[in-house]
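Thanks for sharing this one. Here are a few notes from my read-through, in the order I would discuss them over coffee.

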Amino acid sequence: MAEENDFTVAGPLETPVVENEVQSLPHAYSCTLTPELVAKAREELQEKPEWRLRDVQALRDMVLKDYPNLRTRLDDGFLLRFLRARKFDYDKALQLLVNYHASRRSWPEVFHNLRPSTIKHVLDSGFLTVLPHPDPDGRLVLCLRPGKWRPSDYPFLDTIRAIYLTLEKLIQPEETQVNGLVILADYNGVGLAHASQLGPFLAKKVVGILQDGFPIRIKAVNIINEPRIFKGIFAIIKPFLKEKMAQRFILHGSDLNSLYQRIPSGILPEEYGGAAGKLNTADWSTTLQNSEEEFVVEFCQPDPLEGAALTDSMLFEGEPSEAQCDDSYRGVRSQLYYCY
């Protein structure tokens with residue numbers, strides 16, 4: 001695990017996104033998990049080291065057979081992310097992989113030209129960072145501060161772009177693939193100007209990607225300093241959350257002792273009564289900026305689904321029309337005003 005203020009969480013991406021062909025793959029996979037994490041992966045994810053490469057090959061064969069035109073990486077390390085995220089269920093892992101690429105087609109405003117230099121202003125605002133130490137379960141902590149976002153400065157979609165790039169970087173180490181991730185969201189300073197930017201249309205897309213379109217295991221979402229208006233915000237999000245994910249949202253209010261039961265004070269910054277020094281947002285910003293080239297390779301390529309025939313079931317559920325979103329949003333907006 002990285003030392004304090006060292007966010008070199010993984011090496012560069014091994015291969016560019018290329019059209020599926022029988023191709024030479026990068027060097028053979030070498031497991032970096034400790035014996036303890038190998039045992040954890042076996043127990044929680046049904047990952048058996050002796051069958052690992054067989055399982056990867058099975059998924060690779062499914063991709064080549066069912067989606068021969070899908071431009072995707074096929075190396076062992078990349079495919080393992082999807083198998084681990086779906087507990088080595090081949091069909092679910094394939095669905096996740098296709099959804100991962102489908103999200104890029106369905107939301108070009110977020111994924112076009114997605115690289116760190118295009119969201120530097122979000123990083124500079126202090127909107128997000130990653131705490132330098134993991135929690136006792138080995139899970140990294142992604143710290144979000146929506147109140148640092150000023151709607152008049154840049155659009156809400158830029159914050160989504162910054163979160164997505166951060167998740168892409170965090171998922172590279174095998175430790176995160178096994179342990180999962182914890183989110184700490186500080187809603188201090190969030191008001192109606194922020195909440196009014198999030199309607200059902202955006203909520204559905206964001207939740208859809210995090211739940212069904214990205215190979216990461218979000219183990220808990222800790223909300224602190226939530227204002228009264230958060231009831232309205234959560235009313236927008238909750239209909240799209242699966243029951244298991246909804247149960248992972250924990251509201252602490254301003255009760256830091258409640259937060260410490262979930263995230264020990266020893267790894268929290270001084271701003272949250274912790275012992276880990278001042279909250280540092282610069283180091284994570286530097287980590288992402290130093291990863292510019294690998295993200296250019298990953299996201300600044302042709303449409304990975306161009307030429308691939310997908311059934312509706314392989315894409316996200318049908319998008320609501322603009323009129324439907326507008327009608328739904330009027331009802332939610334009344335809730336937001338009511339919270340005030």
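The points below cover a strand and its partners, then two loop residues with unusual backbone angles, all in a predicted model.

1. Let me start with strand β2, residues 140–144. Five of its five residues are buried, so β2 is largely enclosed by the rest of the structure.

2. Which way do the β2 residues point? Leu140, Leu142 and Leu144 point one way from the strand, while Val141 and Cys143 point the other way. The residues of both groups are buried.

3. On to the partners of β2. Strand β1, residues 128–130, runs antiparallel to β2 and is joined to it by three bridges. With strand β3, residues 181–186, β2 pairs in the parallel sense, over five bridges.

4. Leu144 is a handy residue to follow through these pairings. It is the bridge partner of Leu128 in β2, and the bridge partner of Leu144 in β3 is Ala185.

5. Now for the backbone angles. Most residues other than glycine have a negative phi. Gln46 is not a glycine, yet its phi is positive, at about 60°. You will find Gln46 in the loop between α1 (35–45) and α2 (52–66). Its relative accessibility is 37%, so Gln46 counts as partly exposed.

6. Asn225 also deserves a look: this residue, other than glycine, has a positive phi near 55°. Asn225 sits in the loop between β4 (218–224) and α11 (230–237). Is Asn225 buried or partly exposed? With a relative accessible area of 29%, Asn225 is partly exposed, because buried would require under 20%.

Conventions: Residues numbered from 1 in each chain as written. Predicted model: local features only at pLDDT ≥ 70, side-chain atom pairs only at ≥ 80, totals over all residues. Heavy atoms only, no water. Buried < 20%, exposed > 50% of the residue type's maximum accessible area, 1.4 Å probe, protein only. Helix = DSSP H or I, 4+ residues; strand = E, 2+ residues; numbered from the N terminus. Pairing = 2+ DSSP bridges.
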